[in-house]
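Biologist: Could you take me closely through the sheet of chain A, strand by strand, and then through the helices that accompany it?

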Amino acid sequence: MAHAVETSILNKIRDLSRIPDWVAGFAAEQGLSDDVVFGVNVALDEMLSNIIKYGYADDAIHEIRVRLSVAGQVVVAEIEDDGEPFDPCAAAPVNVDAPLEDRKVGGLGIHIVRTLCTEVGYARVNGRNRLVMKMLLEPNTRKGIHGTQ
Amino acid sequence: MELSERKDNDVTVLEVVGRVDSVTAPDLGDRLTSILATPPRRVLIDFGKLEYISSAGFRVLFLASKQAGESGGRLALCGLSAKALELFSISGFLKLFTIAPTRAEGVAALR
């Protein structure tokens, strides 16, 4: 049976500091590996910081909801916010092979998330952004990194 | 994230313990800026006790690398786990930094 936990943070970068401890609690319950926890924390930091920095046209306080669940061999991280519509799946790819001096760092976070996740889904529902990120529980079996045949 | 510094000959070894993300990366950036502002501007960042690093961390490493390049300083990294190296690779940063397996090799690479 799928097990899920939910929390919410305010649209302040400092509030993001609560997320890794929350992830660690869920990971301990579910027996997630350090590598999976690494990926989940990175994915949440990338997308939540994007929402906090660029998602709101006003200076008001907003609530961002975060949910984690495990279903089969997949860990699912979901984020829901009431910011401006933003579909990270539609963002232009970054050229990570460009020389250092020509690199623009913006966009790198979304590139990392798209690479770490097996699936990233976005929907705008009732004036809210809903992002769903799925990662395999055994990332090393993905893409034959360890030569799984 | 906690930072601790020690000197190994001319090299400042900066050990990073914990999480490098949107919340903590600015502190790492400030520390690197400060180390690289003073000769001999040699810094080895030891990531042996890193929990994870996100693009906010890559951004400060990128800026520190630029600062080093412009001021005759040098920057190297050591102690990265396989997962951390995967993130460096995904981000295209693997080939942009001197990366040593151990602290001793990192110090040697900077001397």
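Modeller: What follows describes the sheet first and the helices afterwards. Please keep in mind throughout that this is a predicted model.

The sheet of chain A is open and has five strands, which follow one another in the order S1-S2-S3-S5-S4 with antiparallel pairing. At its edges stand strand S1 (3-10) and strand S4 (119-125) of chain A, and each has a single partner strand, so one side of each is left without a neighbour in the sheet. From one strand to the next, the twist averages 15 degrees. As general background, the strands of a sheet pair through backbone hydrogen bonds, in either a parallel or an antiparallel sense.

Going inward from S1(A), one comes to the pair made by S2(A) and strand S3 (residues 74-81) of chain A, which is antiparallel and extends over seven bridges. These two strands form a hairpin with two residues between them, and in that turn A:Gly72 has a positive phi of about 65 degrees. Beside the turn, A:Ala71 stands opposite A:Val74 of S3(A). S3(A) is in turn joined to S5(A) by eight bridges, again with the two strands running antiparallel, and here A:Glu78 stands opposite A:Val132 in S5(A). On the far side of the order, S4(A) and strand S5 (residues 128-136) of chain A run antiparallel and are joined by seven bridges; in this pair A:Arg124 has A:Asn129 of S5(A) as its bridge partner.

Now to the helices. Helix H1 (residues 19-30) of chain A lies across S1 and strand S2 (63-71) of chain A, and runs at about 175 degrees to S1(A).

Helix H2 (residues 34-54) and helix H3 (residues 108-116) of chain A form a pair whose axes come within 9 Å and cross at roughly 145 degrees, and the crossing is left-handed. On the H2(A) side the residues that meet H3(A) are A:Gly39, A:Val42, A:Ala43, A:Glu46, A:Met47 and A:Asn50, while H3(A) brings A:Gly109, A:Ile110, A:Ile112, A:Val113 and A:Leu116. By class, the residues of this contact between H2(A) and H3(A) are seven nonpolar, three polar and one charged.

Finally, chain A also touches a second chain, in a contact that takes 21 residues from chain A and 18 residues from chain B. On the chain B side, helix H2 (55-71) and helix H3 (82-91) are the elements that give two or more residues, and H2(B) provides the largest share, six residues.

Conventions: Residues numbered from 1 in each chain as written. Chains lettered and ligands numbered in written order. Predicted model: local features only at pLDDT ≥ 70, side-chain atom pairs only at ≥ 80, totals over all residues. Contact = placed C-beta atoms within 7 Å. Helix = DSSP H or I, 4+ residues; strand = E, 2+ residues; numbered from the N terminus. Pairing = 2+ DSSP bridges. Axes fitted to C-alpha atoms, helices over the stretch in contact; angles between N-to-C directions. Left-handed = near helix turned anticlockwise from the far one by under 90°. Nonpolar A, V, L, I, M, F, W, Y, C, P; charged D, E, K, R; others polar.
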